[in-house]
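Subject: Structure for your review

Dear colleague,

Please find below the structure that I am handing over to you. My notes on its pockets and its helix packing follow it.

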Amino acid sequence: MTDMHIHTHFSSDSDEICENYLLAARANGDKAIGFSDHCDGDLFDGDEHALLDVDGYFAELDRAAASFDDIRVLKGVEFGYSQSAERRYTSMLREHKFDYAIMSVHSVPGRGDCYYPEYFDGLDKHQAYELYLNAVLSSVTSSVDFQILGHLGYVARYAPYTDKRLYYGEFAPLIDRILSAVINRGAAIELNTRASGSDFGIVTPYEILERYIDLGGRLFTFGSDSHKTEHYRNGAETVKGTLYRLGIKSTVRFERGIAVEESL
Ligand SMILES: [Zn+2]
Ligand SMILES: [Zn+2]
């Protein structure tokens, strides 16, 4: 099971170098590893730091990979969705040979990033979560050719409510539209284990994972969302246990956009 969601110093919120992850991967006996640094076109206001330096990133990954020929180094990216960034993302994917793109919603038009307390100002829980889910629906029905829907349920991670949990039943039609769009485009749902705000160690609630399967979804990826090496593969056992419980026996990694099955 490959960890497909990892950040390095090419993300503004990480200082880690990719060699350290590769050392951890080798120590763990991993055959592959997926790097997914941020490209935040949603936050772009002229400051290039919000965007990914793809040439520098690929050069560093290639250089590191040359010393670790026992490990397949996958070149991914995590896009922060906004409608205004769609064209930028599409041309990035056309111009560079990424293995995969994770589509994530961090910020919501007019509200900012759900990471910040201000996002929730003046909104009740239902309103805050519904705005987030509508942004996710826009992202999964967008023209950007992504492979993985990142951390569905992210809005709960930093929410200020006593009961942060996102309940499927409260937004069933909206969540069904999101899951159906993911399935119809052949993308995967990420099991993201950077999950403060979740009561079971994965950002996406269990009942939403069950619903994804009911609707025909079978593609899952594992992502620790590590920003430093100590967190690499965090929660892998929780993910395996959850998949067993769901009756799923494999995850996938993506190589040049193609899903490759990995048995649990
Ligand atoms: Zn993210
Ligand atoms: Zn991330």
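**Pockets**

In this predicted model, the second largest pocket holds about 160 Å³ of space. Its lining consists of 13 residues, and those closest to the centre of the pocket are Leu93, His96, Phe98, Asp145 and Gln147. Two elements, α3 (86–95) and β3 (100–104), each supply at least two residues of this lining. The greatest contribution comes from α3, which gives three residues. Sorted by class, the lining of the second largest pocket has four nonpolar, three polar and six charged residues.

The largest pocket has a volume of about 410 Å³. It is lined by 19 residues, and Asp13, His38, Asp113, Tyr115 and Tyr154 are the ones nearest its centre. The lining of the largest pocket divides into five nonpolar, six polar and eight charged residues.

**Helix packing**

Two packed helices are described by the angle between their axes and the distance between the axes. Three pairs of helices are set out below in these terms.

*The pair α4 and α5.* Helix α4 covers residues 125–140 and helix α5 covers residues 172–184; their axes are 9 Å apart, and the helices pack at an angle of about 25°. How should the orientation of α4 to α5 be described? Angles under 35 degrees count as roughly parallel, so α4 is roughly parallel to α5. The crossing of α4 and α5 is left-handed. On the side of α4, the contact is made by Glu130, Leu133, Asn134, Val136, Leu137 and Val140, and on the side of α5 by Leu174, Ile175, Arg177, Ile178, Ala181 and Val182. In the contact of α4 with α5 there are nine nonpolar residues, one polar residue and two charged residues.

*The pair α5 and α6.* Helix α5 also packs with helix α6 (residues 206–214): their axes come within 10 Å and cross at roughly 50°. The two helices α5 and α6 are therefore oblique to each other. Is the crossing of α5 and α6 left-handed or right-handed? The crossing of this pair is right-handed. From α5, the residues Ile175, Asp176, Leu179, Val182 and Ile183 make the contact, and from α6 the residues Ile208, Arg211 and Tyr212. By class, the contact of α5 with α6 has six nonpolar, no polar and two charged residues. You may wish to find Ile175 and Val182 in the structure: they belong to the contact of α5 with α4 and also to the contact of α5 with α6.

*The pair α1 and α2.* Helix α1 (residues 18–28) and helix α2 (residues 54–66) cross at roughly 35°, and their axes come within 10 Å. The crossing of α1 and α2 is right-handed. Which residues make the contact? Cys18, Glu19 and Leu22 take part from α1, and Glu60, Leu61, Ala64 and Ala65 from α2. The contact of α1 with α2 divides into five nonpolar, no polar and two charged residues.

With kind regards

Technical notes:
Residues are numbered from 1 along each chain as its sequence is written. Chains are lettered from A and ligands numbered from 1 in the order in which they are written. This is a predicted model: local features need pLDDT of at least 70, side-chain atom pairs count only at pLDDT 80 or more; totals for chains, interfaces and linings use all residues. Side-chain values use heavy atoms; hydrogens and water are left out. Axes are lines fitted to C-alpha atoms, for helices over the stretch in contact, and angles run from 0 to 180 degrees between N-to-C directions. Helices (H or I, at least four residues) and strands (E, at least two) are DSSP runs, numbered from the N terminus. Angles under 35 degrees count as roughly parallel, over 145 as roughly antiparallel, 65 to 115 as roughly perpendicular and the rest as oblique. A crossing is left-handed if the near helix is turned anticlockwise from the far one by less than a right angle, and right-handed if clockwise. Contact means heavy atoms within 4.5 Å. Ala, Val, Leu, Ile, Met, Phe, Trp, Tyr, Cys and Pro count as nonpolar, Asp, Glu, Lys and Arg as charged, and the others, Gly among them, as polar. On a 1 Å grid over the protein atoms alone, a cavity is a set of points where a 1.4 Å probe fits but cannot get out, and a pocket is an open set with protein on both sides within 12 Å along at least five of seven lines; lining residues have an atom within 4 Å of a point. Grid points are joined across faces, edges and corners, and a volume is the space filled by probe spheres set on the points.
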